[in-house]
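Here is a short set of exercises to work through with the model open beside you. Try each task on your own before you read its solution.

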Amino acid sequence: MSTVKETVTSSLKETLKQKIEAWRPRTTRLLKEFGKVVIDQVTIEQAIGGARDVRCLVTDISYLDPYEGIRFRGKTIPEVFAELPKARGSEYPTVEAFWYFLLTGDIPTQAQVEEVMAEWKQRQNVPSYVFDVIRALPKDSHPMVMLSAGVLSMQRESKFTAYYHSGRYNKLQAWEYMYEDAFDLVARIPIIAAFIYRYKYKNDQHIPIDPNLDMGANFAHMMGIPKPYDDVSRMYFILHSDHESGNVSAHTTHLVASALSDAYYAYSAGLNGLAGPLHGLANQEVLSWIMEFQKKLGGAEPNKENVSKALWDTLNAGQVIPGYGHAVLRKTDPRYTAQREFCLKHMPDDPLFKLVSLIYEVAPGILMEHGKAKNPWPNVDAQSGVIQWHYGVREWDFYTVLFGVGRALGTMANITWDRALGYPIERPKSVTTEMLEQWAAEGGRKS
Ligand SMILES: CC(=O)SCCNC(=O)CCNC(=O)[C@H](O)C(C)(C)COP(=O)(O)OP(=O)(O)OC[C@H]1O[C@@H](n2cnc3c(N)ncnc32)[C@H](O)[C@@H]1OP(=O)(O)O
Ligand SMILES: O=C([O-])CC(=O)C(=O)O
């Protein structure tokens, strides 16, 4: 039998506990009294087409409206940035304040943020074997492999798994142990990410944590990048945290955790999905597309004509324009807009930003003319790499790791609530092509 580490108490956890206890009757009532109420129907197109738009997942952490974009706990991105307590001397909130907000739905007071910051620091002890695991991989492994392997290697630390095997597992208390793992994971993952960066690209020269700094500032410090990279980090991690629960990384994490796999197993799996070029890896694809384009220009100025030609060349070669399109969004992603506003304020003359803006002027029209993509507008990935590039992170295969640090916040808040509300193992039903053909001939499924 494993040793169970007792969970700690804090005002965040106490608040969360109250919220969970108040929330549970809502879920119970929906299940018991309204369980058979129909909320959607599924077409053949949806069954073959990646369950697009099928309403069959529940999360209260964030909601994505196709035209408005993401709301975290009911608040738009500008509202979140305006209302959460800011980091000292910064116009952006701390990631710690945002973590409190995602978990509880409440805007924390400054005192509550201080408490989360103190607890965050206590949880930052990454076991040394994590670095050994990363070093044991071939050095040219993709940084996402390193991040996923590093996270997975920490599974032996899981308090949830120890609790599960303790012989006193109780469904009502399980969330407390999931919360412990979730909080440990979000506190440790920035350190692993910065380690990967400096191991791979900075001659294995590392910068230790500064215990006086908040998470965003500490990340900038460990990366070795001066201000305003602390604000870039805070903004980036908050923006990338969550996008309701159907996206590949969040859904994978939720699915794996639904088998009562712990946070480390679940998030390592989620990261593997994030590493796909149609999902999180699109941010590195955007930069490599731009670099390839500039190489072809051979020093000539980018303009609407040559950008248009390059976009058409990409489409005619049967490739996607990275950073454009979305499975749910039907307008410019507000995460794109938030980053664009940062660029307009801090780096308006950056040549790469100007090029990204030029692409924004022409790509939607071209995608509309091309006529395939349901959404011709840019997503978050079209604007994130250029900021990293500007502040010196030019190794674009690292960009998805940054996404992975941010996405940990949303996925970890989600799986804590999954256990709190007792969501069961996820297991949708599959059918065969022959069945679809039969139902098609009959004008719908009859039995
Ligand atoms: C953080 C994120 O994950 S945001 C998304 C990041 N990914 C990218 O930016 C990659 C480029 N974009 C895409 O590949 C897609 O728009 C996705 C994967 C994001 C969404 O996919 P879907 O929901 O299937 O998009 P949609 O229904 O509009 O696809 C219809 C067709 O348009 C094509 N299409 C969609 N977006 C693009 C694009 N950016 N460039 C070219 N073609 C596109 C699809 O490939 C598909 O073609 P097909 O019928 O030949 O298979
Ligand atoms: O919502 C999606 O499918 C993809 C996305 O933008 C994200 O996960 O951030």
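The exercises below cover ligand sites, a helix, some backbone features and salt bridges.

**Ground rules**

This is a predicted model, in which local features need pLDDT of at least 70 and side-chain atom pairs count only at pLDDT 80 or more, while totals for chains, interfaces and linings use all residues. Residues are numbered from 1 along each chain as its sequence is written, chains are lettered from A and ligands numbered from 1 in the order in which they are written, and side-chain values use heavy atoms, with hydrogens and water left out.

**Exercise 1. Describe the surroundings of ligand 1 and find its polar contacts to Arg52, Gly323 and Tyr324.**

Step 1: collect the shell, taking a residue as near if one of its heavy atoms lies within 4 Å of the molecule. There are 21 residues around ligand 1, and Leu278, His279, Gly323, Tyr324 and Lys374 come nearest.

Step 2: sort the shell by class. Ala, Val, Leu, Ile, Met, Phe, Trp, Tyr, Cys and Pro count as nonpolar, Asp, Glu, Lys and Arg as charged, and the others, Gly among them, as polar. The shell of ligand 1 then has 12 nonpolar, 5 polar and 4 charged residues.

Step 3: look for polar contacts (pairs of N or O atoms within 3.5 Å; within protein, one must be able to donate a hydrogen and the other to accept it, and residues adjacent in sequence count only if both atoms are side-chain atoms). The side chain of Arg52 places an N or O atom 3.0 Å from an oxygen atom of ligand 1. Backbone N or O atoms do the rest here: one of Gly323 is 2.8 Å from an oxygen atom of the ligand, and one of Tyr324 is 2.8 Å from a nitrogen atom of ligand 1.

Step 4: check the cover, using accessible areas from the Shrake-Rupley method with a 1.4 Å probe (for residues, only the protein chains shown count as cover). On its own, ligand 1 has 910 Å² of accessible area, and the protein covers 76% of it.

**Exercise 2. Repeat the analysis for ligand 2: which residues surround it?**

Step 1: list the neighbours. They are His243, Asn247, His279, His326, Arg335, Phe403 and Arg407. By class, this shell holds 1 nonpolar, 4 polar and 2 charged residues.

Step 2: find side-chain contacts to oxygen atoms of ligand 2. An N or O atom of His243 sits at 2.8 Å, a polar atom of Arg335 at 2.7 Å, and a polar atom of Arg407 at 2.6 Å. The protein buries 85% of the 260 Å² that ligand 2 exposes when taken alone.

**Exercise 3. Is helix α4 (residues 95-104) enclosed or open?**

Step 1: fix the terms. Helices (H or I, at least four residues) and strands (E, at least two) are DSSP runs, numbered from the N terminus. Buried means under 20% relative accessible area, exposed over 50%, and partly exposed in between (1.4 Å probe, protein chains only).

Step 2: count. In α4, 10 of the 10 residues are buried, so the helix is largely enclosed by the rest of the structure. Among them are Glu96, Trp99 and Thr104.

Step 3: look past the end. Gly105 follows α4 and has a positive phi, near 85 degrees.

**Exercise 4. Where does the cis peptide bond to Pro228 lie?**

Step 1: inspect omega, which is near 0 degrees for the bond from Lys227 to Pro228.

Step 2: place Pro228 in the loop between α10 (215-223) and α11 (229-239).

**Exercise 5. Which parts of the chain does the salt bridge of Glu91 and Lys345 tie together?**

Step 1: apply the criterion, a side-chain nitrogen of Lys or Arg within 4 Å of a carboxyl oxygen of Asp or Glu. The closest N and O atoms of Glu91 and Lys345 are 3.0 Å apart.

Step 2: locate both ends. Glu91 lies in the loop between α3 (77-83) and α4, and Lys345 in helix α16 (residues 334-346), so the pair ties together parts that are 254 residues apart in sequence.

Step 3: compare burial. Glu91 is partly exposed at 40% relative accessibility, and Lys345 is exposed at 54%.

**Exercise 6. Are Lys159 and Asp184 buried or exposed?**

Step 1: confirm the bridge, in which their side chains meet at 2.8 Å, N to O.

Step 2: read the accessibilities. Lys159 counts as buried at 15%, and Asp184 counts as buried at 2%.
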